[in-house]
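Here are a few short exercises to work through with the model open in your viewer. Try each task before you read its solution.

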Amino acid sequence: MSLIYQIPRPALWWLLIAQAVVILPLMQYLPLWLLVVWAVSVGWRIQVVRGVYGAPKAIVKVPLALSMVAALVLSYGNLFALEPLVALLLLAFCLKLLELRSQRDVLLLLLLGFFVASTQLLFSTSIVAFLYALVSFASLLSALMALYSATTNNSFGPHFKQSLLLILQAIPLALVLFFVMPRIGSLWTVPLSSNTGKTGFSNSMEPGNISQLNKDYSPAFRVDFAEKKAPPQRSLYWRGLSLSGFDGRRWVLPAHERNDLVRYRRLALNQRNQKRHDWQEDFKNYQSKDRSRFIDYQVMMEASFQPWLFTLVTASVKEKDVLATKDYLFLSKRPLSQRSLYRARSYPDYKRQSESLGDGERYLNTLLPADSNPKAKAMAKEWRQRGYSDRQIINSSLELFNRDFTYSLQNAALNEQDPVDDFLFSRKRGYCEHFASAFTVLMRAADIPARVVLGYQGGQWNKDEKYLLVTQADAHAWAEVWLPNEGWTRVDPTAAVAPERIELGFRAYLEQASTAIEQYGFSDLRQSPLLAKLQLQLDAINYSWHSWILSYDQDQQMVFFQKVLGGREHWRVVAVLMGASTFMLALLALWLWWRGRPEAPAAELVPWLELEKKLAAGGWIREPGETPQQFTSRVSKQRPDLEALLERYTKMAYTLLYIPIGSDQHQQLLKDLAGLRNSIRL
Amino acid sequence: MSHLVLQQSIAQLGKVVLGKEPQIKLAMACLLAKGHLLIEDLPGMGKTTLAHALAAVLGLQYQRVQFTSDMLPADLLGISVFDAQNSKFDFHPGPIFTQLMLADEINRSTPKTQSALLEAMEEGQVSIEGETRPLPQPFFVLATQNPVHQSGTFPLPESQLDRFLMRISLGYPSAAAERMLLKGINPRSLLKSLQSTMSLQQLADLQEQAQAIHASDHVLDYVQRLIQFSREYEGFSYGISPRGALALISAAKAWALIEGREHLIPEDVQAVMPAVMEHRLRASSHGAAAEALVDIVLNAVDVIQG
């Protein structure tokens, strides 16, 4: 019978702690029954260690593992996405606990632990997740140390401290590798299967779907203006997508634009064929004019799982795999499934398509379903019959909103059949999407080309870090109308109803809102000022983290090479890697030397050492076993002239060494020796 | 004052043991350091005379035991004899119950008897028939042994050798001293005329003073370097034990007291080194050196290391 390997107790405890630490964060993304698997494995392992159960045999283990994998397939339907794969890894991490037959197995389990702890970062790259990963690594290292440590004490402190120290020591090298190690693009990508549709809005708008977002203060994107100064709140309309199709209730993309990828490919094809449209030519000319006012900014967008980029009007974005649509909106080739960064330049004074609107476009943007919202249509037609100009019609409707309507979050369901009529003539209260929708319907009924634009309005300026934070709560909908000679013009009916919302931004609007508006359902959304401030500060930290660490990619690395290393040749990179490592090792060596450096001789030893040095210069070296007195008497035989002096000095210097320090005699000797010091000359 | 007493004692001893002042001083230092002394020499070199004279000068009780191969522990420690009149055992103390015991030719006795001496030397007490009896204070053992290569000897084991603070040998007398002997002036006859120079209390005080001699860090460093060298040097089978190190320090302190100094200097250590260390070291097979083992150590170790 062979000996059964028993894992040392402290190592087992550390192993279990480390496992718990590693598994915990993954549980927000993975099915909870994995926790049960872990608990059972832990229970079994503990019983094995206590000698109650035997280790499971293959006949148990194989079906167990297979059934677990089957369970995974059942709960995900498909194994080849990120989450199921991580879950599979986690499963292996838990079940391996049943099979610790040698120290090598424990080692394997711990190494697997490092891998599992890293997968957590696939789901979240916030600074909290990063710090948590460090803690996970520290616990795994502690387990590793407990495994190899000979002592069997059960205190956890020393191991953990040691691991933190190890990690701390690794940080400089990690930084060098982070900045200098050449980055290789990912070999493959596994899409996250969930999370889609968690944030942001979809490619359509119907009453109620924007007001749902208002409770969500998670960041949508952050903007870093080149001037480190935000334009006024009322001009911060972040356009995402424009909706021209309307079915009487929902605003949608026109049928031929609904498939994002097809749309992108068509745009790409046009561009490749050098088919320039007038509108593109026009914008290009405008851009090259000297007087054109523009705003440069950089947007760091959170994963939206939608292909649209958000920009101020009228923008140009030059990024790889991003194309401009005709309404100056930007479409990415793939949905933004991770945080991404883009640079944009906006020309706020540019008039879009001021010359003319194509027939097709005009038709599309004045189209209304024939059999819905008759009252609204009738009212607009009446205005037109009165001979109002386009401007006058716009103003009339805005006046109407301003006079009779209230901005409210209370979301009573509108009439299914004619929601706009219901809103305009009976409810008379609503949220931005209601106003935008009703306004656009009125415009179209009056034969003014109009469309709904979805995006964000405003944002919060972070004074310390100088960036603008736009959260989901800032989601907004407004309208754009086409006017001759002015082109597409933004009209925000919400501004007519609740100008403060636009002037101050959503959050500030909530904070300063009086009791009067509480009845409209905003009070629930209000945050305590302290909490809001804290949130803003936290966001600032996260922003720095994202902009300094996470956005460091291959391109930035090239910039870094160019700037810091003066070039991007391979030899430079290799030289820096080697140089930095050598430098760090040298620092370590220096420190070790410093710790073991010879100490300065004690004060009472100095007089004798001085004499010894002088005599050595004269060619007399003391034998190791020779006492000073024997030594100087040897010297005196060759230099009788020095005898008296040497003898006196030696006697004193020698006595000084052995009498109690601080005694009167000691002081006296020091004094006498100082007097004699210079009289010895060889 | 104490210095004077010691000088006087040494002068007295010098009258009896002619021309052996270094050995006399070492013997004095050994007693001041409360250690036991082993004198190794050929027969007839004056070992017994020295022991006798020491007892007389220091004013100690004196017993002499001649060790033989048929000697038993009871001969040394004492025995209980049944007293028929009183119907009880009476303890008859052996020769060990004295202040200075001369164990003559200790290596002639069997190990059994030798080890009976062990407890007495180390603890200052003896256990006889299950009863522990304290020995008089002070208690010194002054043993003599014949060189081990002589016939009829049981060499003392290392453990027992280690219990002797010093091992000295007297050596042949100088020509002048020998001439006096030959002239018929028998030092032994002078023994009776020796005056004790100190009381027991004075002796105890002197021992106290020897302990209180100041040993600075530098001299302790030196001692440690010596010890360390003896442990690391490959010419030795084994190094000095911590007990040996302690012995070295206390013997050196006693030497410093005799020299009339209040602090310890390396010369003190060097002076007592041969007596304290030589019997505690053994050359290993591949380090058979011609010079004395102690000299190897003394010559190799730096007195002052900056």
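**Exercise 1: a lysine in a helix**

In this predicted model, B:Lys253 sits in helix α11 of chain B, which covers residues 242-258. Work out whether B:Lys253 is buried or exposed, and what its charge has for company.

*Solution.* Start with accessibility: B:Lys253 is buried. Next, look for a partner: B:Lys253 has no salt bridge, and the nearest side chain of opposite charge, B:Asp268, is 11 Å away. The cut-off for a salt bridge is 4 Å, so B:Asp268 at 11 Å doesn't qualify. Finally, list the neighbours: leaving out residues up to four places away in sequence, B:Lys253 touches B:Ala210, B:Gln211, B:Ile213, B:Ala215 and B:Leu264.

**Exercise 2: sizing up the interface**

Find how much area is buried between chain A and chain B, and which residues of chain A lose the most.

*Solution.* First the total: about 1500 Å² is buried between the two chains, with carbon and sulfur atoms giving 62%. Then the top contributors: A:Pro624, A:Gly625 and A:Tyr658 lose the most area on the chain A side, together 39% of what that side buries. As for residue counts, chain A puts 19 residues into the contact and chain B puts in 19.

**Exercise 3: polar links across the chains**

Which side chains form the salt bridge between chain A and chain B?

*Solution.* The rule turns up 1 salt bridge across this interface. A:Arg622 and B:Asp302 make it, at 2.6 Å from N to O. Now widen the search: 8 residue pairs are in polar contact between the chains, both residues at pLDDT 80 or more. To finish, sort the chain A side by type: 11 nonpolar, 5 polar and 3 charged residues.

Notes. Residues are numbered from 1 along each chain as its sequence is written. Chains are lettered from A and ligands numbered from 1 in the order in which they are written. This is a predicted model: local features need pLDDT of at least 70, side-chain atom pairs count only at pLDDT 80 or more; totals for chains, interfaces and linings use all residues. Side-chain values use heavy atoms; hydrogens and water are left out. Contact means heavy atoms within 4.5 Å. Buried area is the accessible area (1.4 Å probe) that two parts lose on being put together, summed over both. A polar contact is a pair of N or O atoms within 3.5 Å; within protein, one must be able to donate a hydrogen and the other to accept it, and residues adjacent in sequence count only if both atoms are side-chain atoms. Ala, Val, Leu, Ile, Met, Phe, Trp, Tyr, Cys and Pro count as nonpolar, Asp, Glu, Lys and Arg as charged, and the others, Gly among them, as polar. Helices (H or I, at least four residues) and strands (E, at least two) are DSSP runs, numbered from the N terminus. Buried means under 20% relative accessible area, exposed over 50%, partly exposed in between (1.4 Å probe, protein chains only). Lys and Arg count as positive and Asp and Glu as negative; His and the chain ends are not counted.
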